[in-house]
Amino acid sequence: MALAGVRVIELAGLAPAPFCGMILADFGAKVIRVDRNKVGMSLDTQARGKRSVAINLKAAEGVALLRKLCVQSDVVLEPYRKGVMEKLGLGPQEMLKENPRLIYARLTGYGQSGSYATAAGHDINYLAMSGLLSRLGRSGEKPYAPLNLMADFAGGGLTCALGIVLALLERTTSGKGQIIDASMVEGAAYVGSFAWKSRSIGMWDCPRGQNMLDSGAPFYDTYETADGKYMAVGAIEPQFYRQLLTGLELDAGELPPQMSFTDWPELRRIFTERFASKTQADWSRIFDGTDACVTPVLSFDQVSSHPHNQERASFIKDSSGEESPRPAPVLSRTPAEPCLASDPVIGEHTVEVLTEYGFTSADIDQMLTAGVVECNAVKSKL
Ligand SMILES: C[C@H](CCC[C@@H](C)[C@H]1CC[C@H]2[C@@H]3[C@H](O)C[C@@H]4C[C@H](O)CC[C@]4(C)[C@H]3C[C@H](O)[C@]12C)C(=O)SCCNC(=O)CCNC(=O)[C@H](O)C(C)(C)COP(=O)(O)OP(=O)(O)OC[C@H]1O[C@@H](n2cnc3c(N)ncnc32)[C@H](O)[C@@H]1OP(=O)(O)O
């Protein structure tokens, strides 16, 4: 796999850093998640392929142990509020002195500088600060965050993973590590570069929800079907729009022109009525194999059995039968090989990992006894 041999220490976080760690693990890195002691259950749902070590970082010995793990690793991924790692004496300056090849990734909401740097926040706050949230939502309604996908995952975890891979690539020539300051505000804004930069061609001149790609246009929207499901329509170009009208059995000559903004409400009314007359399966049969850019809005239950997704094996099942998306993109020679075993329980691999990092059994026993580390066995799932 592409990242085989890369050793990553991931400090346990909420959602973005776990996703970043999972991407690295999916593509072959050895990711060790550092959890707290005495926590019953991990809330990390992005733990595929990781191992867990439980360390008490409130004990000096725990901090010293983490330092040793970081010194022998390629990447540290930390998701804490600015200053937390420095307080522990594990800030990037110190760590890079000890391991100049270390890539030290800091994934926060507001970045490592600026007056918000130490403030708490979540996806919706970062998205709001990126400017993007102001553009999301339907006409006449308040701004609406699309789950916590934009800042936490696209602008956060994914962008941070890109930064880590870039730094690893650069290190092959310079031999040097570096610090990555991944701000979710900036990551989300960057993902939104199209929205920013296409203002120059008038893409967003109308208020929220009234533009071509923000649910303003009737040919770029979703429609309810007779069975309470939905179809997605993305028929932008005239040649594709014509195929949409054909599928809906509508005569272009009897309709207002596609690009007449003022007629969009009337066109939407007509499309709404048409789509409501047949089921999702009916419309899928009509539009499958055409270039009308019309697809069913699949539920999580439907998605893996859709023929196209089945043909590409786009979804995988782990050993407990849980379904999830296959890692993307697909690399031809060194594709990801996602681990299908159950996610680690907290501290499941403490002894295994510490042994691998050169600690003796006596060292490990002493730390277990002192409560500096914890090792937990997997409970059988009966
Ligand atoms: C919208 C998303 C978040 C979605 C996540 C949800 C899925 C979950 C969030 C809350 C969960 C619920 C909740 O826990 C209550 C229930 C619990 C129950 O068990 C289950 C059901 C629950 C309802 C549960 C359900 C779900 O799991 C949840 C709903 C996001 O936007 S995530 C993005 C968040 N932002 C960032 O990541 C940006 C960077 N980070 C930060 O700004 C801060 O870390 C943050 C997130 C604001 C948290 O601040 P906090 O004050 O809590 O921490 P920090 O200042 O960072 O300091 C960390 C301290 O922890 C110490 N520490 C770390 N490791 C160890 C260790 N191994 N041993 C000991 N101590 C450790 C560290 O030293 C710091 O200590 P100090 O404060 O003393 O310096």
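Me: In which segment does Asn376 lie?
Reply: The model discussed here is a predicted one. Residue Asn376 is partly exposed, at 26% relative accessibility. Its place in the chain is the segment after E12.

Me: How far apart in space are Asn376 and Gln258, C-alpha to C-alpha?
Reply: Along the sequence, Asn376 and Gln258 are 118 residues apart. For scale, the C-alpha atoms of the chain fill a box of roughly 85 × 50 × 40 Å along the principal axes. Within that box, the C-alpha atoms of Asn376 and Gln258 are separated by 62 Å.

Me: How many helices and strands are there in the chain?
Reply: The chain has 382 residues, and buried residues make up 45% of them. Its secondary structure elements number 16 helices and 12 strands.

Me: What is the order of the strands in the open sheet?
Reply: The sheet is open and contains 7 strands. Its pairing is mixed. The order of the strands is E6-E5-E4-E1-E2-E3-E12.

Me: Which strands stand at the edges of this sheet, and why is one side of each left without a neighbour?
Reply: A strand at the edge has a single partner strand, so one of its sides has no neighbour in the sheet. The two strands in this position are strand E6 (178-183) and strand E12 (373-374).

Me: Which residue of E12 is the bridge partner of Ile55?
Reply: Strands E3 and E12 pair over 2 bridges. The sense of this pairing is antiparallel. In E12, the residue that partners Ile55 is Val373.

Me: What distance separates a backbone N or O atom of Ile55 from a nitrogen atom of the ligand?
Reply: Ile55 has a bridge partner in the sheet, Val373, and its backbone also approaches the ligand. A polar contact requires a pair of N or O atoms within 3.5 Å. For the backbone atom of Ile55 and the ligand nitrogen, the distance is 2.9 Å.

Me: How far is a polar side-chain atom of Lys87 from an oxygen atom of the ligand?
Reply: Side chains also take part in contacts with the ligand: an N or O atom in the side chain of Tyr80 is 3.0 Å from a ligand nitrogen. In the case of Lys87, the ligand atom is an oxygen. The distance from the polar side-chain atom of Lys87 to that oxygen is 2.8 Å.

Me: What percentage of the ligand's accessible area does the protein cover?
Reply: On its own, the ligand has 1500 Å² of accessible area. The part covered by the protein is 60%.

Me: Which elements give two or more residues to the shell around the ligand?
Reply: The ligand has 24 residues around it, and Arg36, Arg81, Lys87, Asp123 and Asp152 come nearest. By class, this shell has 12 nonpolar, 5 polar and 7 charged residues. The elements that give two or more residues are helix H3 (84-87), strand E5 (103-108) and helix H5 (123-129).

Me: Is His122 buried or exposed?
Reply: His122 is found in the loop between E5 and H5. Its C-alpha atom is 16 Å from that of Leu43, which is 79 residues away along the chain. The cut-off for an exposed residue is over 50% relative accessible area. Because His122 has 52% relative accessibility, it counts as exposed.

Me: Why is Cys70 not bonded to Cys160, and how many disulfides does the structure hold?
Reply: Cys70 is buried, with a relative accessible area of 2%. A disulfide requires two cysteine sulfur atoms within 2.5 Å. The closest cysteine sulfur to that of Cys70 is in Cys160, and because it is 15 Å away, it is too far for a bond. The number of disulfides in the structure is 0.

Me: What is the phi of Lys38?
Reply: Most residues other than glycine have a negative phi. Lys38 is found in the loop between strand E2 (30-35) and strand E3 (51-55), and is exposed, with a relative accessible area of 74%. Although Lys38 is not a glycine, its phi is positive, at about 55°.

Me: Which residues does the cis peptide bond join?
Reply: Most peptide bonds are trans. In the loop between strand E11 (323-325) and helix H15 (350-356) lies Pro329. Its cis bond has an omega of about 0° and joins Ala328 and Pro329.

How values were computed
Residues are numbered from 1 along each chain as its sequence is written. This is a predicted model: local features need pLDDT of at least 70, side-chain atom pairs count only at pLDDT 80 or more; totals for chains, interfaces and linings use all residues. Side-chain values use heavy atoms; hydrogens and water are left out. A residue is near a molecule or strand if one of its heavy atoms lies within 4 Å of it. A polar contact is a pair of N or O atoms within 3.5 Å; within protein, one must be able to donate a hydrogen and the other to accept it, and residues adjacent in sequence count only if both atoms are side-chain atoms. Accessible areas come from the Shrake-Rupley method with a 1.4 Å probe; for residues, only the protein chains shown count as cover. Helices (H or I, at least four residues) and strands (E, at least two) are DSSP runs, numbered from the N terminus. Ala, Val, Leu, Ile, Met, Phe, Trp, Tyr, Cys and Pro count as nonpolar, Asp, Glu, Lys and Arg as charged, and the others, Gly among them, as polar. Buried means under 20% relative accessible area, exposed over 50%, partly exposed in between (1.4 Å probe, protein chains only). Two strands pair if DSSP finds at least two bridges between them.
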